[in-house]
Amino acid sequence: MTVLAIDIGGTKIAAALVDGGTLVHRTEVPTPQTSAEDAWGATAELITATLAAEPTGGVEAIGISSAGPVDLGAGTISPVNIAVWRDFPIVARVAQQTGLPVRLGGDGLCMALGEHRYGAGRGAQFLLGMVVSTGIGGGLVLGGVPYDGRTGNAGHVGHTVIELDGQRCPCGGRGCVETVASGPAMTRWARAQGWAGTDAKQLAADVQRDDPIAVEAFRRGATAVAAMIASTAAVCDLDLAVIGGGVAKAGPVLFDPLRAALADYAGLAFLRSLRVVPAELGSDAGLIGAGVLATT
């Protein structure tokens with residue numbers, strides 16, 4: 001069964017034809033931040049171009065992975081990092097354009113679904129999937145099935161509070177893990193300490209060169225993520241956390257201090273078997289998970 005998968009994020013919007021766990025055709029565009037209709041126009045063009053890559057008309061359904069919050073009942077999205085989309089009726093717009101059935105899920109849930117079915121989470125029954133990138137998203141697979149929650153935002157771990165008097169977050173809250181551990185947050189902190197670089201990729205490279213500010217920036221971010229994982233695991237009795245996203249591509253630069261901090265935070269006996277592993281599907285996890293969503 002071939003489906004169209006759409007992955008909506010603050011940096012890019014991607015679309016692909018998906019057959020099982022295989023991306024048959026994939027393309028992406030930068031996310032317009034100028035207006036709601038500009039962002040929709042780019043999405044609509046992407047959908048049209050991607051569907052045209054399946055000339056037989058064999059696409060049967062559409063799955064959408066979106067940065068959150070989402071509202072499954074209303075079919076709307078209000079991504080924190082796409083300020084021009086608030087309560088945007090993405091499901092209705094896509095259905096109207098294509099005439100196909102549409103399923104919507106949070107990007108963290110879709111990432112977790114993709115990794116659970118085809119990636120690093122195969123076999124796990126109680127899984128947290130996370131994306132650490134421009135923002136921090138998450139999704140839960142509990143008892144082997146995806147868990148949406150009341151509105152579709154269960155697992156929205158990027159906005160777990162880890163600093164009681166922390167910085168104000170774009171979500172409107174304060175002290176969220178995203179204010180410390182996202183790529184832009186770590187970069188801002190490092191620059192405030194005198195680091196001269198520009199982005200998280202360069203920050204990770206400078207960790208490899210033992211730049212003390214870069215090392216501390218990643219240690220702070222990794223510690224914040226570890227605190228969040230320990231808290232989520234204590235609530236949900238997890239056996240695995242899978243981390244993907246741009247910042248996670250830093251590899252041991254992130255995972256070594258994260259695992260060290262997690263060992264300090266996760267003191268309960270049932271948490272000691274909790275594993276944290278890098279995602280296997282890379283930046284395509286959301287698309288593959290959206291494909292899974294479309295067929296469930």
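1. Before we look at how helices sit on sheets here, one term: contact means heavy atoms within 4.5 Å. Please also keep in mind that this is a predicted model. With that settled, helix α1 (residues 36-51) lies across β1, β2 (12-19), β3 and β4. The direction of α1 makes about 25 degrees with that of β2.

2. The sheet under α1 deserves a look of its own. Five strands build this open sheet, in the order β3-β2-β1-β4-β7, and the pairing is mixed. At the edges are β3 (22-30) and β7 (102-106), each of which pairs on one side only. From one strand to the next, the twist averages 20 degrees.

3. Both senses of pairing can be followed in this sheet. As a reminder, strands of a sheet pair through backbone hydrogen bonds, either parallel or antiparallel. Strand β1 (residues 2-8) runs parallel to strand β4 (residues 59-66), and six bridges join them. If you want a place to start on screen, find L4, which stands opposite I62 in β4. Strands β2 and β3, in turn, run antiparallel and are joined by eight bridges. Here V18 has L23 in β3 as its bridge partner.

4. Which residue takes a positive phi in the hairpin of β2 and β3? It is G20, with a phi near 65 degrees, in a hairpin that has two residues between the strands.

5. Two other backbone details are worth checking by eye. Most residues other than glycine have a negative phi, and most peptide bonds are trans. The peptide bond from G68 to P69 is cis, with omega near 10 degrees. You will find P69 in the loop between β4 and β5 (70-71). D210, although not a glycine, has a positive phi of about 60 degrees; D210 belongs to the loop between α6 and α7.

6. Now to the charged pairs. Side chains of opposite charge can pair when their charged atoms come close. Over the whole structure, a search finds six salt bridges. One of them joins the side chains of R93 and E37, at 2.9 Å from N to O. R93 lies in helix α2 (residues 90-98) and E37 in helix α1, so this pair ties together parts that are 56 residues apart in sequence.

7. There is another sheet to look at, again open and made of five strands with mixed pairing; its order is β10-β9-β8-β11-β12. The edge strands are β10 (145-147) and β12 (275-278), each pairing on one side only. Neighbouring strands are turned by 25 degrees against each other on average, with direction ignored. Strand β11 (residues 240-244) pairs with β12 in the parallel sense over four bridges. Within that pair, I243 has P278 of β12 as its bridge partner.

8. Helix α3 is a nice one to trace, as it appears in the description of both sheets. On one sheet, α3 (residues 107-118) packs by touching β1, β4 and β7, and its direction makes about 100 degrees with that of β7. Helix α3 also lies across β8 (126-132), β9 (136-142), β10 and β11, running at about 50 degrees to β9.

9. How do α6 and α7 pack, and at what angle? Helix α6 (residues 200-208) and helix α7 (residues 212-236) have axes 8 Å apart and an angle of about 115 degrees. That makes α6 roughly perpendicular to α7. The crossing is left-handed. On the α6 side the contact involves A200, L203, A204, D206 and V207, which meet A214, V215, A217 and F218 in α7. By class, this contact has eight nonpolar residues, no polar ones and one charged.

10. Helix α7 has a further partner in helix α8 (residues 252-265): their axes come within 8 Å and cross at roughly 45 degrees. That makes α7 oblique to α8, and α7 passes α8 in a right-handed crossing. Among the residues making the contact are F218, A222, V225 and I229 of α7, along with L254, L258, L262 and Y265 of α8. The full set of contact residues divides into 14 nonpolar, one polar and one charged.

11. To finish with α8, this helix lies across β11 and β12. Relative to β12, α8 runs at about 170 degrees.

Methods:
Residues are numbered from 1 along each chain as its sequence is written. This is a predicted model: local features need pLDDT of at least 70, side-chain atom pairs count only at pLDDT 80 or more; totals for chains, interfaces and linings use all residues. Side-chain values use heavy atoms; hydrogens and water are left out. Two strands pair if DSSP finds at least two bridges between them. Axes are lines fitted to C-alpha atoms, for helices over the stretch in contact, and angles run from 0 to 180 degrees between N-to-C directions. Angles under 35 degrees count as roughly parallel, over 145 as roughly antiparallel, 65 to 115 as roughly perpendicular and the rest as oblique. A crossing is left-handed if the near helix is turned anticlockwise from the far one by less than a right angle, and right-handed if clockwise. Ala, Val, Leu, Ile, Met, Phe, Trp, Tyr, Cys and Pro count as nonpolar, Asp, Glu, Lys and Arg as charged, and the others, Gly among them, as polar. A salt bridge is a side-chain nitrogen of Lys or Arg within 4 Å of a carboxyl oxygen of Asp or Glu.
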